[in-house]
Amino acid sequence: MSNFAIETVGLNYNFGNQTVVKDLLLQVPKGSIYGFLGPNGAGKTTTIKILLNLLQSPADQVFIFGKEINSNRIATLRRVGALVEQPAIYGHLTGKENLINRCILLGIKKSKADEMLALVGLSEAANKKSGKYSLGMKQRLGIALALISDPELLLLDEPTNGLDPNGIIEVRNLMIDLASKHNKTILVSSHLLAEIERTATHVGIINKGQLLFQGTINELHLLSKPMLEIEIDDIVNAAILIADSGYEIIEQTDRKIIVPFTSPEDSGILNTLLIKNGFTVSSLYKQRKDLENLFLDITKNN
Amino acid sequence: MRSLYISLVSEFYKSRKTLAFWAAILLPVVICSLVSFGFYANSDKILKMGYPGLLLWAHYSGATLNVMGMLIMPFYVIFMAFSVNNIEHKNDTWKTLFAQPLNKFSIYAAKYLYAVLLIFICLALFAALTYGLGHLLQASVPKYTFNEYNPSTILFNSYAKLFLSSLGILSLQFILSLVWGDFLKPMGIGFVGTIMGIVTASLNWQYAYLIPYSLPTLALRITKVKSGGDPLAFDIFTKEVYTSLIYAAVLFVIGYLIVSKKSIK
């Protein structure tokens with residue numbers, strides 16, 4: 001048995017002549033929260049639609065829980081819950097009726113509907129027409145619809161879209177809860193790294209249909225090397241001294257010089273060196289390039 | 001079978017608060033009531049004609065059937081085909097519908113069957129209301145001769161023909177509404193088709209029966225002509241009905257092929 005909830009092998013997908021997904025090798029471990037990151041139009045939604053068999057993938061390229069999707073469509077979909085793009089809700093039905101309709105389709109007890117409404121905090125709006133819901137409420141209802149069948153794998157396409165800060169935190173906590181306590185696997189797409197960073201255990205970064213990075217969140221952190229930022233007077237001469245002393249200057253502005261960080265001791269030595277040579281060091285600190293910039297770098301270079 | 005059944009139940013659940021569903025009930029109630037009211041209010045004039053039971057029933061049910069068969073029926077069918085599909089287009093719910101663990105044929109067939117069912121309910125109500133209100137008229141205007149003749153066979157045959165001859169339009173419009181999410185294209189084509197159907201049928205063009213839109217009119221025309229003679233003699237399964245059923249079956253299969261290949265964007 002495969003340890004991956006989702007595995008794609010050299011997945012390609014075209015809309016006409018346009019390649020949307022290119023040679024994608026996605027590996028989502030069971031029980032993980034997999035942050036699927038990429039700028040708008042990178043191919044995230046297309047990939048999710050392929051994982052739901054809404055878009056036909058070539059044979060033997062997509063495996064869900066180790067099973068090929070095209071030949072196991074119904075069995076696979078039974079284990080998957082999804083929220084794709086903006087939630088698909090029947091506007092003329094109330095929130096509760098939307099959930100009951102889903103219960104009918106899935107052949108599960110209608111009492112599940114109330115349970116889900118409570119879970120996403122929509123109990124009070126249960127009997128309001130969902131067409132009149134705010135964007136955030138629709139999003140919550142969409143999440144409730146995805147969760148109602150108690151699926152092992154959840155595919156959430158930008159689930160916090162349109163939610164207020166409180167709502168974002170709630171969804172975040174819900175995801176952590178589902179993965180840690182209920183052993184669900186969650187693939188959550190986003191174009192905001194900061195959002196993924198707090199919840200994801202694994203990250204995949206996609207741009208222009210290609211996977212540029214895939215690994216654990218720590219592996220992503222390791223990619224971003226710490227730097228030492230030195231604020232100093234007489235930048236020009238200081239830079240000459242630093243370079244002559246064998247340090248590599250990464251970046252130099254009119255206020256500060258940035259060199260790679262190696263250890264606290266080395267930072268101290270460099271500081272002493274500068275002061276002994278008559279420079280005034282106003283600050284010297286370790287800076288980790290944040291993931292947001294790293295993400296921009298990764299996607300920019302593609 | 002089970003997934004077909006749950007899809008069908010879900011179709012009912014989704015649409016039970018929409019106009020599409022209520023039209024199936026309101027349309028026969030309104031039209032039959034209006035006709036009956038006319039027969040009640042103008043009973044003096046009608047009684048002067050001195051119709052025997054059979055002719056009185058023919059006039060009374062014909063008043064409804066002609067309006068229905070000529071104009072309303074094709075548009076009603078077009079509207080049904082549209083609204084069953086539009087509920088998904090409008091809410092952008094095709095993607096969730098096809099992401100459920102149900103086979104695609106069930107989802108498609110349930111939608112189609114639901115439209116067929118609504119048309120059936122509508123026409124069955126027409127027949128039942130014509131029968132019932134006719135007897136109510138008899139009770140309120142005792143001089144009428146409705147009680148001299150039992151119209152159940154002629155009513156059954158006429159509406160059965162109307163029902164079967166409209167299935168061709170349904171299948172065609174169903175595909176149009178499935179493929180296009182907007183209102184204008186299927187409605188526009190349906191409108192032009194219906195006009196063409198009426199024109200070709202009334203011009204007695206020999207190939208009119210090949211146009212699905214003219215079939216209800218053609219099917220009813222034969223009913224009308226023969227009902228002057230022996231009204232019980234006409235067949236349900238005439239050329240028009242067969243043509244309609246063939247159209248329905250072929251287009252139903254084509255519709256499924258479209259659905260099974262369709263990528264949900």
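**Figure 1. Helix 3 and helix 5 of chain A pack together in this predicted model.** Helix 3 of chain A covers residues 95-106, and helix 5 of chain A covers residues 135-147. The two axes lie 10 Å apart, at an angle of about 20°. Angles under 35 degrees count as roughly parallel. Helix 3 of chain A and helix 5 of chain A are therefore roughly parallel to each other. Their crossing is right-handed. Helix 3 of chain A brings Gly95(A), Asn98(A), Leu99(A) and Arg102(A) to the contact. Helix 5 of chain A brings Leu141(A), Ala144(A) and Leu145(A). By class, the residues of this contact are four nonpolar, two polar and one charged.

**Figure 2. Asn101(A) sits in helix 3 of chain A.** Is Asn101(A) buried or exposed? Its relative accessibility is 3%, so Asn101(A) counts as buried. The cut-off for buried is under 20%. Setting aside residues up to four places away in sequence, Asn101(A) touches Tyr90(A) of chain A. Asn101(A) also touches Ser10(B), Tyr13(B) and Lys14(B) of chain B.

**Figure 3. Glu85(A) has a positive phi.** The value is near 50°, and the residue is not glycine. Where does Glu85(A) lie? Glu85(A) belongs to the loop between strand 8 (80-83) and helix 3 of chain A. With 31% relative accessibility, Glu85(A) counts as partly exposed.

**Figure 4. Asp234(A) also has a positive phi.** Here too, phi is near 50° in a residue other than glycine. Asp234(A) is found in the loop between strand 13 (226-232) and helix 9 of chain A. Its relative accessibility is 39%, so Asp234(A) counts as partly exposed.

**Figure 5. Helix 9 and helix 10 of chain A cross.** Helix 9 of chain A holds residues 235-244, and helix 10 of chain A holds residues 264-276. Their axes come within 11 Å and cross at roughly 130°. Helix 9 of chain A and helix 10 of chain A are therefore oblique to each other. The crossing is right-handed. Which residues meet here? Ala238(A), Leu241(A) and Ile242(A) come from helix 9 of chain A. They meet Leu270(A), Leu273(A) and Leu274(A) in helix 10 of chain A. The contact has six nonpolar residues, no polar ones and no charged ones.

**Figure 6. Leu155(A) belongs to the largest nonpolar core.** This core has 102 residues. Ile6(A), Leu52(A) and Leu155(A) are the residues with the most contacts inside it. Which helix gives the largest share of this core? That is helix 6 of chain B (residues 104-140), with 15 residues. Leaving out neighbours within four places in sequence, Leu155(A) is in contact with Ile6(A) and Leu52(A). Leu155(A) also contacts Ile48(A), Leu51(A) and Leu187(A). Val80(A), Gly81(A), Ala82(A) and Leu83(A) complete its list of contacts. A second core is separate and has 45 residues. Among them are Leu37(A), Val120(A), Val188(A) and Phe295(A). In soluble globular proteins, nonpolar side chains tend to be buried together.

**Figure 7. Ser61(B) lies in helix 4 of chain B.** Helix 4 of chain B spans residues 53-91. Ser61(B) counts as buried because its relative accessibility is 9%, and buried means under 20%. Beyond its neighbours within four places in sequence, Ser61(B) is in contact with Thr130(B) and Leu155(B). How far apart in space are Ser61(B) and Gln138(B), C-alpha to C-alpha? The distance is 14 Å, with their places 77 residues apart in sequence.

**Figure 8. Helix 7 and helix 8 of chain B pack against each other.** Helix 7 of chain B runs over residues 152-179, and helix 8 of chain B over residues 184-202. Their axes are 8 Å apart, at an angle of about 155°. That angle makes helix 7 of chain B roughly antiparallel to helix 8 of chain B. The crossing is right-handed. Gln173(B), Leu176(B) and Ser177(B) represent helix 7 of chain B in the contact. Pro186(B), Ile189(B) and Gly190(B) represent helix 8 of chain B. The contact divides into three nonpolar residues, three polar ones and no charged ones.

Technical notes:
Residues are numbered from 1 along each chain as its sequence is written. Chains are lettered from A and ligands numbered from 1 in the order in which they are written. This is a predicted model: local features need pLDDT of at least 70, side-chain atom pairs count only at pLDDT 80 or more; totals for chains, interfaces and linings use all residues. Side-chain values use heavy atoms; hydrogens and water are left out. A nonpolar core is a set of buried Ala, Val, Leu, Ile, Met, Phe, Trp, Tyr and Cys residues joined through side-chain atoms within 4.5 Å. Buried means under 20% relative accessible area, exposed over 50%, partly exposed in between (1.4 Å probe, protein chains only). Helices (H or I, at least four residues) and strands (E, at least two) are DSSP runs, numbered from the N terminus. Contact means heavy atoms within 4.5 Å. Axes are lines fitted to C-alpha atoms, for helices over the stretch in contact, and angles run from 0 to 180 degrees between N-to-C directions. Angles under 35 degrees count as roughly parallel, over 145 as roughly antiparallel, 65 to 115 as roughly perpendicular and the rest as oblique. A crossing is left-handed if the near helix is turned anticlockwise from the far one by less than a right angle, and right-handed if clockwise. Ala, Val, Leu, Ile, Met, Phe, Trp, Tyr, Cys and Pro count as nonpolar, Asp, Glu, Lys and Arg as charged, and the others, Gly among them, as polar.
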